[in-house]
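Biologist: Can you walk me through this model? Short answers are fine.

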Amino acid sequence: MTDTSKAVARILKVNHAGEYGAIRIYKAQRLIAQTLCPDLVPFLTKTLQDEISHCALFHEAMIPRGARPCRAMWLWSWGGYALGLLTALMGRTGIMLCTEAVEDAVHHHMNDQIAFLSGRDDALKTLIEEIRVEELEHLHYAQARIAHTPLTRKGFKAIYAVTEILIWLSTQGGLGRMKHDLA
């Protein structure tokens, strides 16, 4: 396997796992929002549908490239669901804060991935660009509905850090190698 194909496999592995984690976050949030913030249920339902589609698209892209799913999917599953429940129990602000932090981290990683894939795997680059459009919609929706205070900024940083740790674990410590490959 070449260095490029290893980097592509890492990109697919982490993106697939991340989408799976997002599915779990939005499922848990939608469950709680039905009672606490019913007006957010349509957004959470649409976002969940997008994440399910993204996860399937990344899984399909893995097969011809010889990539395999992350070994820590259980961590994304339990971690995503726990994060979704905890932030949803904080109400509207918690849901929007979680969405903003997770989607912001995803957006940064996708930008790096798109730059790396240009000229190396243009089909995957195009797929990520298309998915990034919907991820940006989620991010912008949340950003427009949250007032930043010192407390929400700390919450944002904490959720962003947790997302980065999960990404690191999903690449089995290969995040540094992946970032080096993407540079």
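Biologist: Is Asp39 buried, partly exposed or exposed, and why?
Modeller: Asp39 counts as partly exposed because its relative accessibility is 49%. Buried means under 20% relative accessible area, exposed means over 50%, and partly exposed is in between (1.4 Å probe, protein chains only). This is a predicted model: local features need pLDDT of at least 70, side-chain atom pairs count only at pLDDT 80 or more, and totals for chains, interfaces and linings use all residues. Residues are numbered from 1 along each chain as its sequence is written, and side-chain values use heavy atoms, with hydrogens and water left out.

Biologist: Which side chain does Asp39 meet in a salt bridge?
Modeller: Arg92, at 2.9 Å from N to O. A salt bridge here is a side-chain nitrogen of Lys or Arg within 4 Å of a carboxyl oxygen of Asp or Glu. The pair links distant parts of the chain, 53 residues apart. Asp39 sits in the loop between H1 and helix H2 (41-65), and Arg92 in helix H4. Helices are DSSP runs (H or I, at least four residues), numbered from the N terminus.

Biologist: And Arg92, buried or exposed?
Modeller: Partly exposed, because the relative accessible area of Arg92 is 36%.

Biologist: How many salt bridges are there in the whole structure?
Modeller: The search finds 4. One of them joins Arg65 to Asp121, with the closest N and O atoms 2.6 Å apart. This pair also links distant parts of the chain: Arg65 is in helix H2, Asp121 in the loop between H4 and H5, 56 residues apart.

Biologist: How covered are those two, Arg65 and Asp121?
Modeller: Arg65 is partly exposed at 23% relative accessibility. Asp121 is buried, with a relative accessible area of 15%.

Biologist: What does Glu129 pair with?
Modeller: Glu129 forms a salt bridge with Lys125, the closest N and O atoms being 3.6 Å apart. Both lie in helix H5, 4 residues apart, about one turn of the helix. Glu129 is partly exposed at 26%.

Biologist: Staying in H5, what does Ile131 touch?
Modeller: Glu19, His54, Leu57, Phe58 and Met110, leaving out residues up to four places away in sequence. Contact means heavy atoms within 4.5 Å. Ile131 lies in helix H5 (residues 122-143). Ile131 counts as buried because its relative accessibility is 2%. From Ile131 to Met110, C-alpha to C-alpha, the separation is 9.2 Å, with their positions 21 residues apart along the chain.

Biologist: New topic. How much space lies in the largest pocket?
Modeller: About 320 Å³. The lining has 23 residues, and Gly18, Trp76, Val102, Val106 and Thr163 lie nearest the centre. On a 1 Å grid over the protein atoms alone, a pocket is an open set of points where a 1.4 Å probe fits, with protein on both sides within 12 Å along at least five of seven lines; lining residues have an atom within 4 Å of a point. The volume is the space filled by probe spheres set on the points, which are joined across faces, edges and corners.

Biologist: Which helices supply the lining?
Modeller: Helix H1 (3-36), helix H3 (73-89), helix H4 (92-117) and H6 each give at least two residues. H1 has the largest share, 7 residues.

Biologist: What about Glu164? Where is it?
Modeller: In helix H6. Glu164 is buried, with a relative accessible area of 17%. Its C-alpha is 9.3 Å from that of Val106, though the two are 58 residues apart in sequence.
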